[in-house]
Amino acid sequence: MINDCHGYMGVMYCNDWRKKGHKIVGSGESIEVPFDDTLPCPLRITFAAKLGSYLKCGENNMYMALEFPNPGAYVVRIGGAGAQHVRLKSVKNEDESYEVDVDRHLFTEYAEFRSF
């Protein structure tokens, strides 16, 4: 995870993000998840600002979670105007040479978002 906004400290959660050990804090941090039966596949992640908002779509202000159907190394950049405006900037391959297509899930209700 790379946080391009210096107005907040970024947090990345991976499924199941309610469990211990599935959260990282700080730009430049990474998480390695085994692609086996230890976590539900596909891998689902979302982002937030520490003491701020969760990742939302800039077009419609809906909560957003990403789903990675295939194993690999990815670089996700987040940004925004501040802790209440966490936005996805890009998802790229490990050396950031091209954009990676991942599923983006949008939620209007926080309860649906948390249970995803």
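The fold, the strand pairing, the cysteines and the aromatic contacts of a predicted model are described below.

The protein chain contains eight strands and one helix. Along the sequence the elements follow the pattern β-β-β-β-β-β-β-β-α, with the helix after the strands. Of the 116 residues in the protein chain, 40% are buried. Among contacts with a separation of 6 or more, 58% join residues that lie 24 or more positions apart. The exposed surface of the protein chain amounts to about 6800 Å², of which carbon and sulfur atoms supply 47%.

Strands β1, β6 and β7 form an open sheet with mixed pairing, in the order β1-β6-β7. The edges of this sheet are taken by β1 (2-3) and β7 (87-93); each has a single partner strand, so one side of each lacks a neighbour in the sheet. The pairing between β1 and strand β6 (residues 74-79) is parallel and extends over two bridges. Within this pairing, Ile 2 has Arg 77 of β6 as its bridge partner.

A search of the whole structure for disulfides returned zero. A disulfide is a covalent bond that joins the sulfur atoms of two cysteines. With regard to accessibility, Cys 5 is buried, at a relative accessible area of 9%. Cys 14 is likewise classed as buried, with a relative accessibility of 2%.

Eight aromatic pairs are present in the structure. One of them is formed by Phe 68 and Tyr 74, with a centre-to-centre distance of 4.6 Å and an angle of 45 degrees between the planes. This pair is classed as tilted, because the angle falls neither under 30 degrees, as required for stacked planes, nor over 60, as required for edge-to-face planes. Phe 68 is buried because its relative accessibility, 4%, is under the 20% limit. Tyr 74 has a relative accessible area of 28% and is therefore partly exposed, as this value lies between the limits of 20% and 50%.

Ring pairs also link six residues into a cluster, namely Tyr 13, Tyr 54, Tyr 63, Phe 107, Tyr 110 and Phe 113. Tyr 63, a member of this cluster, has in addition the charged end of Lys 56 over its ring. The distance from the charged end of Lys 56 to the centre of the Tyr 63 ring is 4.9 Å.

Notes:
Residues are numbered from 1 along each chain as its sequence is written. This is a predicted model: local features need pLDDT of at least 70, side-chain atom pairs count only at pLDDT 80 or more; totals for chains, interfaces and linings use all residues. Side-chain values use heavy atoms; hydrogens and water are left out. Helices (H or I, at least four residues) and strands (E, at least two) are DSSP runs, numbered from the N terminus. Buried means under 20% relative accessible area, exposed over 50%, partly exposed in between (1.4 Å probe, protein chains only). Contact means heavy atoms within 4.5 Å. Accessible areas come from the Shrake-Rupley method with a 1.4 Å probe; for residues, only the protein chains shown count as cover. A disulfide is a pair of cysteine sulfur atoms within 2.5 Å. Rings of Phe, Tyr and Trp (its six-membered ring) pair if their centres lie within 6.5 Å; planes under 30 degrees apart count as stacked, over 60 as edge-to-face and the rest as tilted. A charge sits over a ring if NZ of Lys or CZ of Arg is within 6 Å of the ring centre and within 35 degrees of the ring normal. Two strands pair if DSSP finds at least two bridges between them.
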